[in-house]
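Hi,

Here's the structure I said I'd pass along. Have a look at it first, and my notes are underneath.

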Amino acid sequence: MFSKKAASPSAGPGRVIRMAPKIAYRNLFHDRMSLIVTLVGIVFSVVLVAIEVGLYKGSESKIATVLDKSKADLWIMPYGTKSFDDPSLLIGHEKYAALSTPGVLKAEDMMVSFSSWRKPGGGKKSFVLVGLDWEKGETHTWNIDEGTEADLEIPMAVAADRSYFTDLGIEGRGEYAEINGQRVQVTAVTKGIRSFATLPYVFTPISTARKLNNASPVQASYVLVTLSRDADVEHVKQVLTDRFKGGAEVLTHEEFRARSIKYWMFSTGAGLALITGMVLGAIVGVVIVAQTLYASTKDHLNEFATLRALGASASYIHQVILVQALLSAVLGYAAGMLLAMLAIARLKVRVPTLTILMTPEIAGYLFALTVGMCIFAAITAIRKVTRIDPAGVFNR
C-alpha cells in the first residue's frame, strides 16, 4: 500500500511531507467498512451535540426574551431577585433615587408579576404579566402581529401571544378575560414570544399592570437605568448600591442576564440535562473514532514499520495518522451538520414552540470540537505506532 519512494531518504523531507496526506487517504479508504463505522460515530456525535447545543442556546434565548428587548445599562431590583421571572415589588422611590444620581440619563419602571388568567369559557391559567412604561422609556411590546401599541392604551387592554391562545382559552383579538378578578380585553396579538417556563407572557402598559396587581402608582418590579455616554457603569452601580443600603440590588444588564440564565438552567436542572447530552455525544464520537483508528493502525503496523526502517521519522508517521483523523473529522462533520440541520428544521415544523438556535458561530465551534475529538482519538493510535521497532520488519 505504501510507496517506498515516499519514505526513501533520497526523496527529501519536503517530498515525504507531501506524501503523508496521500498515504492517509489510502489508509482511510482502504477498508470501507472501518471508514463507514468511523463516519457513523462522528455523524451521530455531531448530530446529537448540535441538537443539544441548539436547544441550550435556544433555552438561553427564551430565558432572556424580555431582557434582551430591554435597553438598560443597569437594573434595579428587589434584593435577592433570582431571575427576571422571580418578581416582587420595590418600595417605590428607587426610580427617583436613580434619576438624581450623577451619570444617569433616564430611568423607566417595569412591572413583572405572576398572575391568574380566568378563561372566557371557565378555568384558570397562571401567566407572567409584564407592564411596560414605553411613554417614558425605550422598552416596547414587540412582534405585534395584530393591532398596534396604541390599542394597548385602551383601559384594561392587554397583548397576548398567538401561540398561547389555547392555554389562555381565547381564539383571537378582541376577546375578554379576567386577570386577578378584573376584566381585561385582548386588543393586540404578538407572535413568537415564548417563555422558558412555558407560562405565557401577557403585555400591558405599566399603569394597567399596577391596577391589576393592586400596586401603588410608583411601585415597580424593576427600574431600568440608562447612563450618559461619559458615565462609568461600575461607579454609578456602586453609588446606587450604597444609596439603597441593601433594600434593593443593582446589576448590570449582562450580570442580570447571566444570573437569570444560571438560575433556570442549573438551579432547576434543565441545563444539566442538556449538557449531559452534549458530553455523552462527544464521548461516543471519541470512543468510536479511537477504536477505528486504532484498528486501522494495528492492521498496518508492518507498513509503518517498513517506513520506519526505510528512514521515515516518527513525526512523519504521526502526521499520517493525524491527517487520517482530520479527513475523518471533515467528512463526518459535513455529513453530520447536514443531517443536524435537516433534523432541526423537521423539529421546528413538528413542534413550533420548540426553540433551537443554530448560528454560524455555533457551527464553527462544533467543527472545532469535531476536529479536537478526532485528534484526541488519534493519540491512541499514535501511542501504538511509537512502540514500533523498525528492525522488526526484517524478522518477518
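Keep in mind that this is a predicted model. I'd start with helix H8, residues 233–244: its twelve residues reach 17 Å from the first C-alpha to the last, close to the 16 Å expected at 1.5 Å a residue.

Which residues of H8 are buried? They are Val236, Lys237, Leu240 and Phe244, and yes, there's a lysine in that list. These buried residues sit on the same side of H8, because they cover an arc of only 105° around the axis. The elements covering them include strand E1 (74–78), helix H5 (94–99), E2, E9, strand E10 (248–252) and helix H9 (253–267).

Both ends of H8 have something to look at. At the start, a side-chain oxygen of Asp232 comes to within 3.3 Å of the backbone nitrogen of Glu234. After the helix comes Lys245, with a positive phi near 50°.

Now for E2, which is part of that cover. Strand E2 covers residues 104–118 and runs antiparallel to strand E9 (residues 222–227), with six bridges joining them; Ala107 is opposite Val225 there. E2 also pairs with strand E3 (residues 124–132), again antiparallel, over nine bridges, and Ser115 has Phe127 as its bridge partner. E2 and E3 make a hairpin with five residues between them, and Gly122 in the turn has a positive phi of about 105°. Strand E6 (residues 176–179) is another antiparallel partner of E2, joined by two bridges, with Arg118 bridged to Glu178.

Cheers

Terms used:
Residues are numbered from 1 along each chain as its sequence is written. This is a predicted model: local features need pLDDT of at least 70, side-chain atom pairs count only at pLDDT 80 or more; totals for chains, interfaces and linings use all residues. Side-chain values use heavy atoms; hydrogens and water are left out. Two strands pair if DSSP finds at least two bridges between them. Helices (H or I, at least four residues) and strands (E, at least two) are DSSP runs, numbered from the N terminus. The expected span of a helix is 1.5 Å times one less than its number of residues. Buried means under 20% relative accessible area, exposed over 50%, partly exposed in between (1.4 Å probe, protein chains only). The arc is that of the directions from the helix axis to the C-beta atoms. Contact means heavy atoms within 4.5 Å. A polar contact is a pair of N or O atoms within 3.5 Å; within protein, one must be able to donate a hydrogen and the other to accept it, and residues adjacent in sequence count only if both atoms are side-chain atoms.
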